[in-house]
Amino acid sequence: MTITNLTHAISLNPASAEKLAEYPFDTSTQVDQAIAACFSAGKQWGALQVAQRADKLRDLGNALRENLEQLAQLISQEMGKPIKQARGEVAKSASLCDWYAEHGPAMLATKPTLVPDNQAVTEFRPLGTVLAVMPWNFPLWQVMRSAVPVMLAGNSYLLKHAPNVMGSAYLIQRIVTAAGFPQGVFTVINASNDGVSQAITDSRVAAVTFTGSVRAGAAIGAQAGAALKKSVLELGGSDPFIVLKDADLDQAVKAAVAGRYQNSGQVCAAAKRFIIEEAIAEAFTAKFVAAVEALKTGTPDDEDNYVGPMARFDLRDELHAQVEATLAEGAVLLSGGYKVPGKGNFYAPTVLGNVQPHMTAFRQELFGPVAAVSVARDADHAVALANDSDFGLSATIYSGDEALANEIASRLECGGVFINGYSASDPRVAFGGVKKSGYGRELSVYGLHEFCNIQTVWKNRQG
């Protein structure tokens, strides 16, 4: 839980409700000083050769591995991630550094155009200082997946992290600096909403990237637009998980459980709406509920636990209200559906059945360990249900017919489709959404180029 007032944030351990730390918000002067330091360091950093910046990313990957246990333990304490998953987050972030260090320089190399004889080429220049407003659910990975390509491109990175994971933010900053990056290239601010607005409108900040809620993203995108600054928004989703009648049910159930309940269900691209073809709906649901009830839930420091506490007490209250509203609208409670008694912020892994398109669990994002199961008459109806959403981040299809699955994928309104595998982010492929899931892309060559000045250089053009 994070309690905020005008001056500071108080972070609580969600497994015990014990206070971890207080972090005073930066004053306007401190925000200004941080921007100045980040901007100045960016000039030095952007002047380096791409290969030199890539070498620093290799060093950063090694530094993350060296600090793996400290980072994982802090992530687990601050937001409740089960420790095995926290360690995986650190390892994945280190691999991200390795991948961009190896492949990024070629992506930033001068590119020929269709103009003959290299008379016109494309260059990829830094934009400047990029403000990043990041969420708490992946305190390291969310930061690294935006910061690594931003910094490789020659930009400096100004991080405003979520209040309940500020300890992680400051530890990441120390690790980046210890890895040999110039002081200030990666700068943390603990800013209030006013401080974020101050940074967005500051002329030294060139662009903004944001991951979080639709409401906050709309506000930040509007401010960036008013300041004529580039922005990338990743605003979460209500991802469909389609299971057709010819699917391998055991594999589909295994993926459905992992795709919904990892990180206690607090994943933007998690499977949330399970759309099952009528012919196998009863069999799938029985297997799914049994698998969910077999999940081990408890304190994040126990390596056997798969589901930990939710990160914030207010979000548990909100999730429970969504569950109760959906049941009042006619859904069926198949498992769970309650706050676990005690000091910790635990919510029982929950499955809702008979969820219809007008219901709360279908229309809204459920950011916690709750699955909503709906039944489709056939594949076409499944597509219609999947697309009947304001969100469009990713989707999953389980089917034994690859041609049919590919055809369905082409009709789904989302940024990523996973056939016979659940949604994930990987540096080799672009990540992002459409509709209210946001715009722009992270990762891959597309994420690298989002915060570049893509400059045309045309030599000796006559007439």
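**Figure 1. The annotated stretch, residues 11–457, mixes helix and strand.** Over residues 11–457 the chain is 43% helix and 20% strand, and the C-alpha atoms at the two ends of this stretch lie 50 Å apart. The model shown here, and in the views that follow, is a predicted one. According to the UniProt record, an unreviewed entry, residues 11–457 carry the annotation "domain: Aldehyde dehydrogenase".

**Figure 2. A close-up of the second largest pocket.** Here we look into a pocket with a volume of about 470 Å³. Its lining is made up of 32 residues. If you would like landmarks, start with Lys92, Phe138, Gln262, Val267 and Ala424, the lining residues that lie nearest the pocket centre. Sorted by class, the lining has 14 nonpolar residues, together with eleven polar and seven charged ones.

**Figure 3. Helices and strands that line the second largest pocket.** Which elements each supply at least two residues of this lining? Three are helices, namely H4 (83–107), H5 (141–152) and H9 (249–261), and they are joined by strands E11 (239–243) and E17 (394–398). Of these contributors, H4 gives the most to the lining, with five residues.

**Figure 4. Helix H4 beside helix H5.** Both of these helices help to line the second largest pocket, and this view shows how they pack against each other. Their axes are 10 Å apart and meet at an angle of about 15°. Because angles under 35 degrees count as roughly parallel, H4 is roughly parallel to H5. The crossing of H4 past H5 is right-handed.

**Figure 5. Helix H3 against helix H4.** H4 has another packing partner in this view: helix H3, residues 68–79. Here the axes of H3 and H4 are 8 Å apart, with an angle of about 130° between them. How are these two helices therefore set relative to each other? H3 and H4 are oblique to each other. H3, too, passes H4 in a right-handed crossing.

Notes
Residues numbered from 1 in each chain as written. Predicted model: local features only at pLDDT ≥ 70, side-chain atom pairs only at ≥ 80, totals over all residues. Heavy atoms only, no water. UniProt positions renumbered as here; feature names shortened; annotations may be inferred. Helix = DSSP H or I, 4+ residues; strand = E, 2+ residues; numbered from the N terminus. 1 Å grid on protein atoms, 1.4 Å probe; cavity = no way out; pocket = protein on both sides within 12 Å on 5 of 7 lines; lining within 4 Å. Points joined across faces, edges and corners; volume = space filled by probe spheres on them. Nonpolar A, V, L, I, M, F, W, Y, C, P; charged D, E, K, R; others polar. Axes fitted to C-alpha atoms, helices over the stretch in contact; angles between N-to-C directions. Parallel < 35°, antiparallel > 145°, perpendicular 65-115°, else oblique. Left-handed = near helix turned anticlockwise from the far one by under 90°.
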